[in-house]
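Trainee: I should be grateful for a close look at one part of this model, namely how its helices are packed against one another. Please treat the turns beside them as well, and proceed step by step.

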Amino acid sequence: LLTWIRCTILRPSTITCSAVISACEKGRQWELASHILQQMLDDQLPIDVVSCSAATSACEKGDRWEQTIQLLSHFTVMRCMPNARSYSAAIRACERDTQLLHAWTLVQQMYEKGLETSPLFLAWAIVRLGVKDAQYIHEVLVQVMTSLQAFPQCPQELALLSWASAMLGTSSQPFWAAVVAQLD
């Protein structure tokens with residue numbers, strides 16, 4: 001498609017390239033998505049978070065965890081800041097290939113950068129990625145409890161939280177009281 005665009009009077013743009021990369025993502029064509037992103041760099045086209053995130057998702061859907069991490073590390077070189085979607089794609093790719101330490105590192109980076117501030121997300125990630133540090137689990141659950149007391153949660157979030165807490169073996173009376181209070 002980009003070759004065809006070049007052969008016509010049309011010039012590739014960030015928008016057309018991002019659309020092609022998004023199509024590659026949907027078609028699980030991670031190599032082509034990466035190639036188009038590189039072509040954008042070579043052609044000195046402005047690269048935006050949409051094209052970078054779509055390329056990262058294409059690598060994730062192609063079960064290429066190493067490429068998702070590599071793309072994330074090159075975002076700054078491309079003058080683009082990764083967003084929650086980019087990190088989530090890399091986390092899912094790492095989790096699928098049982099690269100749990102890499103996935104957990106990405107979760108922490110995402111949280112530190114303020115891209116995911118929900119303590120519920122952290123509780124989910126702790127369970128899914130098999131974190132065993134009891135002190136850290138306790139700290140996250142305290143954050144979750146504080147969040148529960150301050151803001152109402154939707155039923156899906158409460159269900160996710162209950163699942164994560166049960167999987168972690170949480171028996172804290174104040175914690176479960178905060179969950180139950182949300183149901184009233």
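Mentor: Just after helix H8, Gly 130 takes a positive phi of about 70°. Please bear in mind throughout that the model is a predicted one. H8 itself spans residues 119–128 and is mostly covered, with eight of its ten residues buried. These buried positions are Pro 119, Leu 120, Phe 121, Leu 122, Ala 123, Ala 125, Ile 126 and Val 127.

A positive phi also follows helix H3, where Gln 44 has a value near 55°. Two loops supply further examples. Arg 28, in the loop between H2 and H3, has a positive phi of about 55° although it is not a glycine. Because its relative accessibility is 53%, Arg 28 counts as exposed. Asp 63 is located in the loop between H4 and H5, and its phi, again in a residue other than glycine, is positive and near 55°. As background, most residues other than glycine have a negative phi.

Let us now turn to H3. This helix comprises residues 30–42, 13 in number, and reaches 18 Å from its first C-alpha to its last, close to the 18 Å expected at 1.5 Å a residue. Its buried residues are Trp 30, Ala 33, Ile 36, Leu 37 and Met 40. Viewed down the axis of H3, these residues fall within an arc of 125°, and they therefore line one face of the helix.

What packs against H3? In general, two packed helices are described by the angle between their axes and the distance between the axes. The axis of H3 and that of helix H4 (residues 49–61) come within 8 Å and cross at roughly 155°. Since angles over 145 degrees count as roughly antiparallel, H3 is roughly antiparallel to H4. The crossing of the two helices is left-handed. From H3, the contact involves Trp 30, Ala 33, Ser 34, Leu 37 and Met 40, while H4 contributes Ser 51, Ala 55, Ala 58 and Cys 59. Of the H3 residues in this contact, Trp 30, Ala 33, Leu 37 and Met 40 are also among the buried residues of that helix.

H4 has a second partner in helix H6 (residues 84–96), against which H4 packs at an angle of about 10°, with the axes 9 Å apart. H4 and H6 are therefore roughly parallel to each other. Here, too, the crossing is left-handed. On the H4 side the contact is made by Ser 53, Ala 54, Thr 56, Ser 57, Glu 60 and Lys 61, and on the H6 side by Arg 85, Ser 86, Ala 89, Ala 90, Arg 92, Ala 93 and Arg 96.

Helix H5 (65–74) joins this picture through its buried residues, which are Trp 65, Thr 68, Leu 71 and Leu 72. Seen down the axis of H5, they fall within an arc of 125°, so they line one face of the helix. These residues pack against H3, H4, H6 and helix H7 (100–112).

Thr 68 of H5 deserves a separate word. Thr 68 counts as buried because its relative accessible area is 0%. When residues up to four places away in sequence are not counted, Thr 68 touches Thr 56, Cys 59, Glu 60, Ala 90 and Ala 93. Among these partners, Thr 56 and Glu 60 of H4 and Ala 90 and Ala 93 of H6 also take part in the contact between those two helices.

Two further residues concern the region around the start of H4. Ser 18 belongs to helix H2 (residues 14–26) and, because its relative accessibility is 5%, is classed as buried. Leaving aside neighbours within four places in sequence, Ser 18 is in contact with Asp 48, Val 50 and Ser 51. Cys 80 is found in the loop between H5 and H6. Cys 80 likewise counts as buried, because its relative accessibility is 5%. With the same neighbours left aside, Cys 80 is in contact with Ile 47, Asp 48, Val 49, Cys 52 and Phe 75. Although 32 residues separate Cys 80 and Asp 48 along the chain, their C-alpha atoms are 6.1 Å apart. Asp 48 is thus listed as a contact of both Ser 18 and Cys 80.

Terms used
Residues are numbered from 1 along each chain as its sequence is written. This is a predicted model: local features need pLDDT of at least 70, side-chain atom pairs count only at pLDDT 80 or more; totals for chains, interfaces and linings use all residues. Side-chain values use heavy atoms; hydrogens and water are left out. Helices (H or I, at least four residues) and strands (E, at least two) are DSSP runs, numbered from the N terminus. The expected span of a helix is 1.5 Å times one less than its number of residues. Buried means under 20% relative accessible area, exposed over 50%, partly exposed in between (1.4 Å probe, protein chains only). The arc is that of the directions from the helix axis to the C-beta atoms. Axes are lines fitted to C-alpha atoms, for helices over the stretch in contact, and angles run from 0 to 180 degrees between N-to-C directions. Angles under 35 degrees count as roughly parallel, over 145 as roughly antiparallel, 65 to 115 as roughly perpendicular and the rest as oblique. A crossing is left-handed if the near helix is turned anticlockwise from the far one by less than a right angle, and right-handed if clockwise. Contact means heavy atoms within 4.5 Å.
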